[in-house]
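Colleague: I am new to this structure and would love a close look at one part. Please start with a place where two elements touch, and then guide me to what surrounds it in the fold.

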Amino acid sequence: MSGKEDEKKQVEKKDADATPNSIEQLLQLLALGKELTPSQQKEMKDYKFWKTQPVPRLDEQVVSEGPIDSTKTPEDIPDKPLPLIKDFEWCTIDIEDDGQLDELYKLLYDHYVEDSDATFRFKYSHEFFKWALKPPGWRKEWHTGVRVKETGKLVAFIAATPCTIKLNKSNKVIDSVEINFLCIHKKLRNKRLAPVMIKEITRRVNKQNIWQALYTGGTVLPTPLAQCRYQHRPINWSKLHDVGFSHLPTNQTKAGMIAHYALPNQPKITGLRPMELKDVKPVLELLYKYQARFDIVQQFTEEEFKHWMLGDTDNTSNVIKSYVVEDSNGNITDFFSYYLLPFTVLDNTHHDELGIAYLFYYATDSFDTPEKYKPRLNTLMTDALITAKEFNVDVFNCLTAQDNTYFLKDNKFGSGDGYLNYYLFNYRTFPMHGGIDPETKVVSEDQTSGIGVVLL
């Protein structure tokens, strides 16, 4: 139950030892007597673990949606944490304590996700952690860590945050959590600690009478409800080239690439402005109408939506950026949002940071008018890219989720090498479209995805 383990780094580099895209391929290799690589061996171990969990089998044909195990109550769940291997102990990370936030930063910085050349690392901030881990309804015990008994050093972490999801086809509303930031010290990755951490966070969540969890991962496990593909839109191509993030295509010049990705200095849409506290209710109403088109979405209270769109401030957050379009009658007709999570650039004499933006939620009231919808959505996303320049964003990222496929080509996004699989723990759902062709993995330009929920 991990976050964007394999590709959230967004670095388009191929690993010769990369795991295959499905468990079936691993089984075929074993049947042929082929020796598995270390990463493939790890994936097989993960598969054995997931076979013991309430998740759909890879070969299962879903005939009806619903919980897999609905027999337990909080009273059935042990009060004490699971036993750990010798010399380690459970802890709860107090994210309101700056010292413990620093420990979490160091763990994730050194051990979370890293490209194969060790060129880029996430540059988390205290503000980002508090935004990501402290939405309304957050619980301290859901920030679970492992320490070395003798030294107290933090060596592993996993988090859960409250998340109410809705399955639009069946009209089911599910109290759930989002699982993220599963990180284990590199020297402990042969200790089979990840399954224990997953079981422990599951125990802590179950004690609150919550039995479902939404999570994502780059590896195919039993069983994805959808698969999306990463998309990247260079804004500062020259800088991306300097640090090795982007490469100069054959028969192209640097000047040509810079010109190709150039953006206007000012947004195009009249009435575009930063979102304010007064906009929370009308924007949420607009989002709910818009999201009826997707198979799985997140439901928010106004307080939750305020947190996710504005942070704990009134539009002064350094993490989340939200904009609305207000017409001449004072109505909110469109909005978009994105969050900022820069990279530290290692071993580069000219640049020490890359500005990265990730598309979050958006909506427009033109969705029910096909001839207007795509042009409006494309203009809206062009303005999102333009506003991102103000915050020194060098590349703007998204997935083939929501209706993103409708604006990727015109706004010059390119497909990355990575894929993100969506999972729902202890719940069967019908497969959902991830915005790409299931076989070729090419973007489905004229088909919406079924994924309306955005995970960090």
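**A helix contact and the strands beyond**

Modeller: Let's start with helix α8, where Val-280, Lys-281, Val-283, Leu-284 and Leu-287 meet Glu-302, Phe-305, Lys-306 and Leu-310 of α9 (contact means heavy atoms within 4.5 Å). Sorted by class, this contact of α8 with α9 holds 6 nonpolar residues, 3 charged ones and no polar ones; Ala, Val, Leu, Ile, Met, Phe, Trp, Tyr, Cys and Pro count as nonpolar, Asp, Glu, Lys and Arg as charged, and the others, Gly among them, as polar. Please keep in mind that this is a predicted model, where local features need pLDDT of at least 70 and side-chain atom pairs count only at pLDDT 80 or more, while totals for chains, interfaces and linings use all residues. Residues are numbered from 1 along each chain as its sequence is written, and side-chain values use heavy atoms, leaving out hydrogens and water.

Helix α8 covers residues 280-290 and helix α9 residues 302-310; their axes come within 10 Å and cross at roughly 95° (axes are lines fitted to C-alpha atoms, for helices over the stretch in contact, with angles from 0 to 180 degrees between N-to-C directions). That crossing makes α8 roughly perpendicular to α9, a label for angles of 65 to 115 degrees, whereas under 35 is roughly parallel, over 145 roughly antiparallel and the rest oblique.

Further along the chain comes strand β11, residues 320-326, which is joined to β12 by 7 bridges, the two running antiparallel. Helices (H or I, at least four residues) and strands (E, at least two) are DSSP runs numbered from the N terminus, and two strands pair if DSSP finds at least two bridges between them. One bridge puts Val-325 together with Asp-334 of β12. The hairpin of β11 and β12 has 5 residues between its strands, and there Gly-330 takes a positive phi near 85°. Ser-328 lies in that loop between β11 and β12. Is Ser-328 buried or exposed? Ser-328 is exposed, with a relative accessible area of 77% (exposed is over 50%, buried under 20%, partly exposed in between, with a 1.4 Å probe and protein chains only). Its C-alpha atom is separated by 9.4 Å from that of Thr-270, 58 residues apart along the chain.

Strand β12, residues 332-340, is mostly covered, with 9 of its 9 residues buried. On to strand β15, residues 356-364: β12 and β15 pair in the antiparallel sense over 6 bridges. Asp-334 comes up here again, with Thr-364 of β15 as its bridge partner.

Between β12 and β15 in numbering is strand β13, residues 343-345, which pairs with β14 in the antiparallel sense over 2 bridges. One such partnership is Thr-344 with Glu-353 of β14. These strands belong to an open sheet of 3 strands, ordered β3-β13-β14, with antiparallel pairing. Its edge strands are β3 (120-122) and β14 (353-354), each pairing on one side only.
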